[in-house]
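Got your viewer open? Load the model and take this tour one selection at a time.

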Amino acid sequence: MAKVTYIENNGTEHVIDVKAGLTVMEGAVKNNVPGIDADCGGACACATCHVYVDAAWEAKTGTKSAMEESMLDFAENVEPNSRLSCQIKVSDELDGLVVRLPESQH
Amino acid sequence: MGSVSTHVVVLGAGHAGGTLVALLRQYGFDGPITMVGDEPVVPYQRPPLSKAWLKGEADADSLALKPLEFYAENQIDFRPNVSAVTLKRADKIVELSDGASLTYDILVIATGMRPNKLPLPGAELSGVLSLRSAADAEELKGHLLPGHHVAIIGGGYIGLEVAASARTLGAEATVFEREGRILSRSACEVLSTFFTDYHRARGVTFELGAKIDSLVGEGGKVTGVKMADGRIIPADAVLVGVGGKPNDEIAADAGLDTARGVVVDLEARTSDPAIFAIGDCSHRPLPHYDRMFGPESVPSALEQAKQVACAITGRPAPTPEVPWNWSDQYDLKLQIAGLPFDTDQILVRGDPASGKFAIFHLKGDQVQSVEAVNAPPEYMMGRQLIGNRKHVNLDRLADPSVSMKEVAA
């Protein structure tokens, strides 16, 4: 279990206990956190689960696969700390993780 | 924002209905919501049923859109194992299969599709399966074992995804396709050829232009596929993936406009202003193509759920999305944007033999559709080009050494 804080573009914070093994995307979607659409359900096919990972957590969330990198390269409002949240698996190590959500996923 | 007196009733608890009720609460709708579904479980994702589920990489919990407690916590009256029987529009009443009836202010029909049955002798034998629900997938999974032989009737995406899963699990797979090539209804010949070769190289057998006489069995259980030429191809199970039919009867019987699905507008509203229809049961406008269509896809269902949630809560209508879809087979990710309507040529970017390429369907120098295999830049940029109607230089598009960003610049 890890506490993950999702911060909407308008500043609203959602602190969610996410089970280890789920992805950061699933933690948001299963708890109805607005701002992560995840149209493809985690197949890394749509880039609608885009988040910005807080600087302190970038290393712990692992590296991007070529597929993820390539999808993000063409998403809107991408920053160096952009990730697709369906590709970040939650573990106890990520307890306290903070991610910010973009204005829109489409 | 929806007064407490507005009762929203959602018929169908699939990807569309389940997404809609969650969005309504997300958007602040605080009126009563009732959702009825004919399956025993909460709304879940269907795409993994032909892939992750069969391979044991997904279960009911992981596929559930929301956990069961979400519905009670959000005052959503979710009723499983129930379907709608009759719609009485004049009284705004829906009668249900369990004898109950519901009075609605707003009704959303999200009843999905059902798989077509095989109109052949032997189709009723045990071991002849379709794939729509988690229960179907669980039954199919039991047959995908090393040494078992699964016959797949229909060379569409479901059939091909199951063939890929079967081979990955060590089962034998034969795909029977009535047309001369697989994916004949949904993809161009270049893509058909590529997928045929890719599957063959991994041990799948194809019967193209297949004329099937019947399914044969012993003791009520299917044992093979009998061809018109007399051959019998043995099978421990037969998966039928020959398309589906929208569950639009309840709407048609109530006098709503239907045309292979319930006809809706860009708000997903039917010919009755108090009734919406979303997902696979609907027949919807495609503004990028100036025509009506039933996309039969999850992204379309999600877009329509958003349209309805916005209409009910008074939010501005969302910007129309370029239709898209995807398919995972082996290590291939196929991403499709747009639909190949009104095209005059196709352009292949990259070499199919490399397993990484994209097929652009063009109308003059504008992109109508792209089919991208392991090629996310082509898919992502292609989707934008379809949306913004930009004129592109075809020589540059055909040259993989020119990046997609440069092509679209």
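What follows is a walk through the two chains, from overall build to single residues. Keep in mind that this is a predicted model.

**Stop 1: chain A.** Colour chain A by secondary structure. You should find two helices and five strands, and if you trace from the N terminus the elements come in the order β-β-α-β-α-β-β. The C-alpha atoms of chain A sit in a box of roughly 30 × 25 × 25 Å along the principal axes. The radius of gyration of chain A is 12 Å, in agreement with the value near 13 Å for a compact globule of 106 residues. Of those 106 residues, 39% are buried.

**Stop 2: where the chains touch.** Now show both chains and select the contact. Chain A puts in 14 residues and chain B puts in 21 residues. What kinds of residue does chain A bring to it? On the side of chain A that touches chain B there are seven nonpolar, four polar and three charged residues.

**Stop 3: chain B as a whole.** Hide chain A. Chain B holds eleven helices and 26 strands. Its radius of gyration is 22 Å, close to the 22 Å that the globule rule gives for 409 residues, so chain B is as compact as a globular protein of that length. The box around the C-alpha atoms of chain B is roughly 65 × 60 × 35 Å, and buried residues account for 48% of the chain. Look at contacts in chain B between residues at least 6 apart in sequence: 60% of them join residues at least 24 apart.

**Stop 4: β1 and β2 of chain B.** Select residues 8-11 (β1) and 33-36 (β2); the two strands run parallel and are joined by four bridges. B:V9 stands opposite B:T34 of β2. In a regular strand, side chains alternate between the two faces of the sheet. Turn on the side chains of β2 in chain B: B:I33 and B:M35 point one way, B:T34 and B:V36 the other, and all are buried.

**Stop 5: the largest nonpolar core.** This core has 146 residues, and those with the most contacts inside it are B:L20, B:V108, B:I109, B:V238, B:L239 and B:I278. Zoom in on B:L20. Beyond residues up to four places away in sequence, B:L20 touches several others, including B:V10, B:V108, B:I278 and B:A305.

**Stop 6: B:A251.** This residue is in helix α7, residues 249-253 of chain B. Is B:A251 buried or exposed? It counts as buried, because it has 28 C-beta neighbours inside 10 Å, and 20 is enough to qualify. Leaving out neighbours within four places in sequence, the contacts of B:A251 include B:I109, B:T258 and B:A277. Draw a distance to B:A277, which is 26 residues away along the chain: the C-alpha atoms are 9.1 Å apart.

**Stop 7: a five-stranded sheet.** Finish with the open sheet of chain B, with antiparallel pairing and the strand order β22-β23-β26-β25-β24. Residues 324-329 (β22) and 345-349 (β24) of chain B are the edge strands, each with a single partner, so one side of each has no neighbour in the sheet. On average, neighbouring strands of this sheet are turned by 15 degrees against each other, direction ignored. Select β24 with β25 (357-363) of chain B to see an antiparallel pair with five bridges, where B:I346 stands opposite B:H361. Last, add helix α9 (376-388) of chain B: α9 lies across β22, β23, β24, β25 and β26, at about 160 degrees to β26.

Conventions:
Residues numbered from 1 in each chain as written. Chains lettered and ligands numbered in written order. Predicted model: local features only at pLDDT ≥ 70, side-chain atom pairs only at ≥ 80, totals over all residues. Pairing = 2+ DSSP bridges. Axes fitted to C-alpha atoms, helices over the stretch in contact; angles between N-to-C directions. Contact = placed C-beta atoms within 7 Å. Nonpolar A, V, L, I, M, F, W, Y, C, P; charged D, E, K, R; others polar. Rg over C-alpha atoms; globule rule 2.2 N^0.38 Å. Buried ≥ 20, exposed ≤ 12 C-beta atoms within 10 Å, placed from the backbone. Core = buried A, V, L, I, M, F, W, Y, C linked by C-beta atoms within 7 Å.
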